[in-house]
Amino acid sequence: MLVDEALNVINSIKALDYCEIISLEKAIDKILFEDIYAKKALPCFDNAALDGYAINYDDRNSPLNIKGTIFAGDKAKYEINKNECYKIMTGAIFPKGANSIVMLEDEKFDEQGRLLVPSNLKQDNARRIKGEEVSVGDILLKANDRLDSAKIMLLASQGISYVKVYARPKIAVFSSGDEINEPWEFCDERSIYNANASGIMALLRTHGFKSEYKGILKDDKDILKAQINLHAHYDAIITSGGASKGEADFMREVLLDLGFEEMFGSLDIRPAKPTKLYKKGSQIVLLLPGNPMSCFAACFLAGIPALKKLSGQANFAHETFFAKFKGDIVMKNSRANIVIGHYENGEFTPINDNKFSPAMIKPLAMSNAIYLSKIGESGISNENIIKILKLS
């Protein structure tokens with residue numbers, strides 16, 4: 001399945017139906033669980049956008065008597081009559097009868113100390129009108145919106161200090177295979193260290209997800225089935241290794257026996273092809289390749305979007321950026337390919353002319369972006385404009 005097709009499948013994942021109520025202080029990057037409506041108009045009264053003099057525009061051709069000064073926070077009622085004005089400070093309530101402001105920088109007076117209105121003044125100048133930004137009953141924010149700093153400020157302007165958000169999915173991470181050892185264990189020359197779990201969990205943290213490492217799954221059907229059942233209360237299970245067609249790769253058989261539905265059985269792109277996604281109820285299981293670069297790429301391309309969709313994020317697909325390609329590479333046009341590279345100052349440079357093995361890690365560590373080619377694309381020329389995905 002092509003990556004775009006896999007994203008369409010991921011879009012069918014339903015968000016978790018449970019939420020939590022948290023303070024605005026903890027709400028950054030959280031996903032709203034429900035629509036929020038305005039209960040207070042913004043502005044909530046007509047007020048001055050800057051320091052100056054509040055006047056009636058119809059009196060602009062006459063000298064105006066200054067009745068006094070209105071300060072921000074003053075809740076007294078003020079009114080001007082014919083040929084009158086008030087000096088007014090930024091944020092102060094407009095006096096009744098006024099509809100424009102002469103800026104402080106433009107003030108001029110006649111011999112009697114009366115204000116002279118400049119000829120270029122516009123009606124409603126520097127007047128913030130009640131409800132011009134938000135009216136009571138307007139939808140402020142929609143369910144599935146991600147809360148950034150500006151949205152949190154908007155919520156606070158409504159007197160909202162706690163907000164209902166989607167609970168982040170509970171994620172269990174496994175590795176699998178009899179050939180791997182943990183980084184803190186002894187590893188002989190014929191064994192390899194488990195790098196995948198650390199890479200997966202770090203990638204999840206980069207995108208705002210917490211996960212729990214549950215160890216190495218052995219290539220045994222009964223053990224695999226028992227572990228999947230034991231962790232049925234997790235919203236997502238991610239494993240690496242055991243996703244290809246080797247004789248000892250039992251995960252697909254085990255998941256189907258347990259009633260899981262296969263959402264897709266591969267990604268048609270090198271080196272992330274052996275990637276599978278399953279679901280049962282609200283739980284998803286992601287099977288990633290065992291080779292480190294393949295594992296990381298697959299988790300980035302499929303795992304992160306799936307978890308974002310599960311956690312209620314409307315914009316679950318990775319954002320794309322335009323870049324100028326530096327160099328010339330040749331690719332097999334019979335398949336889609338991942339091109340790994342370094343992005344800086346609007347330019348994307350492939351690492352080692354994109355020559356790598358799926359088992360490598362160092363080229364990945366040297367990159368910060370990837371390009372996804374299309375089937376039929378045989379190469380990229382210098383100075384071509386391409387669309388890339390940033391890895392962090």
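This section describes the overall form of a predicted model and then turns to one strand, its surroundings and several individual residues.

The chain of the predicted model contains seven helices and 25 strands. Its radius of gyration is 31 Å, whereas a compact globule of 392 residues would have a value near 21 Å, and along the principal axes the C-alpha trace spans about 100 × 50 × 40 Å. Of the 392 residues, 44% count as buried, and the accessible surface of the chain comes to about 20100 Å², with carbon and sulfur atoms contributing 49% of that area. Among contacts with a separation of 6 or more, 70% are made by residues 24 or more positions apart. The chain carries 49 positive and 51 negative charges, and the mean positions of these two sets lie 2 Å apart.

Strand β22, which covers residues 347-350, presents two faces: Phe348 and Pro350 form the covered one, while Glu347 and Thr349 form the uncovered one. This strand pairs with β19 (residues 320-325) in a parallel arrangement through two bridges, and Glu347 of the uncovered face is the bridge partner of Lys324. Strand β22 also pairs with β21 (residues 338-344), here in an antiparallel arrangement with four bridges, and Thr349, likewise on the uncovered face, is the bridge partner of His342. Two residues lie between the strands in the hairpin of β21 and β22, where Asn345 takes a positive phi near 50 degrees.

The loop between β22 and α7 (362-365) holds two asparagines of interest, Asn354 and Asn352. Asn354 has a relative accessible area of 12% and is therefore buried, since the limit for that class is under 20%. Residues up to four places away in sequence aside, Asn354 touches Ile329, Ile338, Val339 and Ile340; of these contacts, Ile338, Val339 and Ile340 fall within the residue range of β21. Asn352, by contrast, counts as exposed because its relative accessibility is 53% and the limit for that class is over 50%. The phi of Asn352 is near 50 degrees, a positive value in a residue other than glycine.

A positive phi is also found at Asn144, where the angle is near 80 degrees. Asn144 is situated in the loop between β9 (139-141) and α2 (149-156), and, because its relative accessible area is 26%, it is classed as partly exposed. Such values stand out because most residues other than glycine have a negative phi, and most peptide bonds are trans. Two cis peptide bonds can be described in this context. One runs from Leu42 to Pro43, with omega near -15 degrees, and Pro43 lies in the loop between β2 (36-37) and β3 (47-48). Another joins Arg270 and Pro271, with omega at about 10 degrees, and Pro271 is placed in the loop between β16 (261-264) and β17 (276-280).

Arg114 occupies the loop between β7 (100-103) and β8 (127-128), and it is partly exposed, with a relative accessible area of 28%. When residues up to four places away in sequence are not counted, Arg114 touches Pro63, Leu64, Asn65, Lys108 and Phe109. Arg114 and Leu389 are separated by 275 residues in sequence, and their C-alpha atoms are 63 Å apart in space.

Notes: Residues numbered from 1 in each chain as written. Predicted model: local features only at pLDDT ≥ 70, side-chain atom pairs only at ≥ 80, totals over all residues. Heavy atoms only, no water. Rg over C-alpha atoms; globule rule 2.2 N^0.38 Å. Buried < 20%, exposed > 50% of the residue type's maximum accessible area, 1.4 Å probe, protein only. Contact = heavy atoms within 4.5 Å. Areas by Shrake-Rupley, 256 points an atom, 1.4 Å probe, with all protein chains shown as cover. Lys, Arg positive; Asp, Glu negative; His and termini not counted. Charge placed at Lys NZ, Arg CZ, Asp CG, Glu CD. Pairing = 2+ DSSP bridges.
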